[in-house]
Amino acid sequence: MKSSIVSVKWLANNLQDPTLIILDASQQVNQAKVASQFQDVQIKDARYFDIKNDFSDITNPLPNTLPTAHIFTAAAQKLGINSDSKIVIYDSLGIYSSPRAWWLFTIMGHENVWVLDGGLPAYAKENLPLEPTAKRVYAHGNFEAHFNPETVRTKEQVLENIQTKEAILIDACSNDRFTGETEEPREGLRSGHIPGSSNIPYPNVLRDGHFLTEEELVKVLPQHNKPIYFSCGSGVTACIVLMAYEIVANNNPKAIYDGSWTEWGQIASLPIE
């Protein structure tokens with residue numbers, strides 16, 4: 001499959017595949033302050049992908065930052081993930097944190113990974129098997145991360161790009177945050193956006209927890225011939241817009257500014273608009 005997303009129907013038809021692993025990348029607390037109707041429930045046999053603790057650099061004061069390949073490898077193996085695993089990732093809000101987990105796997109060199117379009121709400125709507133969440137121990141997998149630095153950007157690279165304009169920078173935050181009309185939800189951050197960036201709030205590419213159709217995404221997403229960098233508050237919702245572009249423009253090199261506004265907004269020497 002070339003697409004980065006799969007449907008509930010596809011997942012239901014492939015549940016018996018022995019190489020299939022379903023990952024729950026739900027976050028109970030999010031900056032969007034959106035609560036899920038699904039609490040303490042998961043798709044049957046799903047394994048919890050803990051972005052905040054196991055698949056982030058917890059030594060970094062910034063939230064949700066990219067872990068090292070070594071840390072990612074160890075955490076993935078602990079979940080029983082193998083090099084030949086077919087991974088489907090979902091979250092309890094439909095589409096929110098699952099694209100971040102997908103991006104982490106792609107940056108670590110795993111190709112057979114997809115996001116479940118519509119997530120847990122869409123799966124539950126079809127009366128497919130759910131179960132209470134539970135911690136389980138899995139036989140260690142043989143997954144090995146192969147880090148690709150081209151799909152992530154640092155503040156230095158983003159700062160340089162303001163001058164060179166070699167890439168397009170897209171901010172996935174809400175428009176009122178982008179324009180500085182509202183205070184940042186995180187204490188101590190300036191309001192505004194990185195100079196030269198454009199704003200595509202992540203809800204603009206979604207409807208009812210699903211991605212828009214390809215035809216609709218083409219109309220929503222400006223097409224570029226340049227590489228595209230994506231930012232947001234802390235690097236989570238930026239992955240939603242990146243994935244939307246991946247659906248309709250997979251020829252563009254794409255990268256996440258991992259520090260995003262949580263880093264940029266607290267450094268007084270960095271320019272803002």
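Cys239 is buried, with a relative accessible area of 0%, in what is a predicted model. Cys232 likewise counts as buried, at 1% relative accessibility, yet Cys239 is in no disulfide, the nearest cysteine sulfur, that of Cys232, being 7.0 Å away. Trp103, one of the residues with the most contacts inside the largest nonpolar core, touches Cys239.

**Cysteines**

- The closest cysteine sulfur to that of Cys232 belongs to Cys173 and is 5.8 Å away, which is too far for a bond.
- With a disulfide requiring sulfur atoms within 2.5 Å, the count of disulfides comes to zero.

**Nonpolar cores**

- The largest nonpolar core has 57 residues, and those with the most contacts inside it are Phe49, Phe72, Trp103, Phe105 and Phe211.
- Two or more residues are given to this core by each of β2 (20–24), α2 (69–78), β5 (86–90), α3, β6, β9, β13 and α8 (238–248), and α8 gives the most, with nine residues.
- Leaving out residues up to four places away in sequence, Trp103 touches Leu66, Thr151, Val152, Cys239, Leu242, Ile256 and Asp258.
- A second core, separate from the largest one, has 17 residues, among them Leu11, Leu20, Trp114 and Ala122.
- In soluble globular proteins, nonpolar side chains tend to be buried together.

**The parallel sheet**

- Five strands form an open sheet in the order β8-β14-β13-β9-β10, and the pairing is parallel.
- The edge strands of this sheet are β8 and β10 (198–199), each of which pairs on one side only.
- Within the sheet, β9 and β13 run parallel and are joined by four bridges, and Ile170 stands opposite Phe230 in β13.

**Helix α5 and its two sides**

- The buried residues of helix α5 (residues 155–164) are Val158, Asn161 and Ile162, and because they cover an arc of only 110° around the axis, they lie on the same side of α5.
- An α-helix has 3.6 residues a turn, so residues three or four places apart point the same way.
- Glu160 and Gln163, on the other side of α5, are exposed.
- The cover over the buried residues of α5 includes four strands of the sheet described above, namely β8 (152–153), β9 (168–171), β13 (228–231) and β14 (254–257), and it also includes helix α9 (260–264).
- Lys165, which follows α5, has a positive phi, near 55°.

**Two buried loop residues**

- Thr151 lies in the loop between β7 (130–132) and β8, and Thr151 is buried, with a relative accessible area of 18%, where the cut-off for a buried residue is under 20%.
- Not counting residues up to four places away in sequence, Thr151 touches Trp103, Ile107, Lys254, Ala255 and Ile256, and Trp103 and Ile256 are themselves in contact.
- His110 lies in the loop between α3 (98–107) and β6 (113–116) and is also buried, with a relative accessible area of 6%.
- The side chain of His110 reaches the backbone oxygen of Ser85 at 2.8 Å.
- Leaving aside neighbours within four places in sequence, His110 is in contact with Asn82, Ser83, Ser85, Ile87, Phe105 and Phe143, and Phe105 is one of the residues with the most contacts inside the largest nonpolar core.

Technical notes: Residues are numbered from 1 along each chain as its sequence is written. This is a predicted model: local features need pLDDT of at least 70, side-chain atom pairs count only at pLDDT 80 or more; totals for chains, interfaces and linings use all residues. Side-chain values use heavy atoms; hydrogens and water are left out. Buried means under 20% relative accessible area, exposed over 50%, partly exposed in between (1.4 Å probe, protein chains only). A polar contact is a pair of N or O atoms within 3.5 Å; within protein, one must be able to donate a hydrogen and the other to accept it, and residues adjacent in sequence count only if both atoms are side-chain atoms. Contact means heavy atoms within 4.5 Å. The arc is that of the directions from the helix axis to the C-beta atoms. A nonpolar core is a set of buried Ala, Val, Leu, Ile, Met, Phe, Trp, Tyr and Cys residues joined through side-chain atoms within 4.5 Å. Two strands pair if DSSP finds at least two bridges between them.
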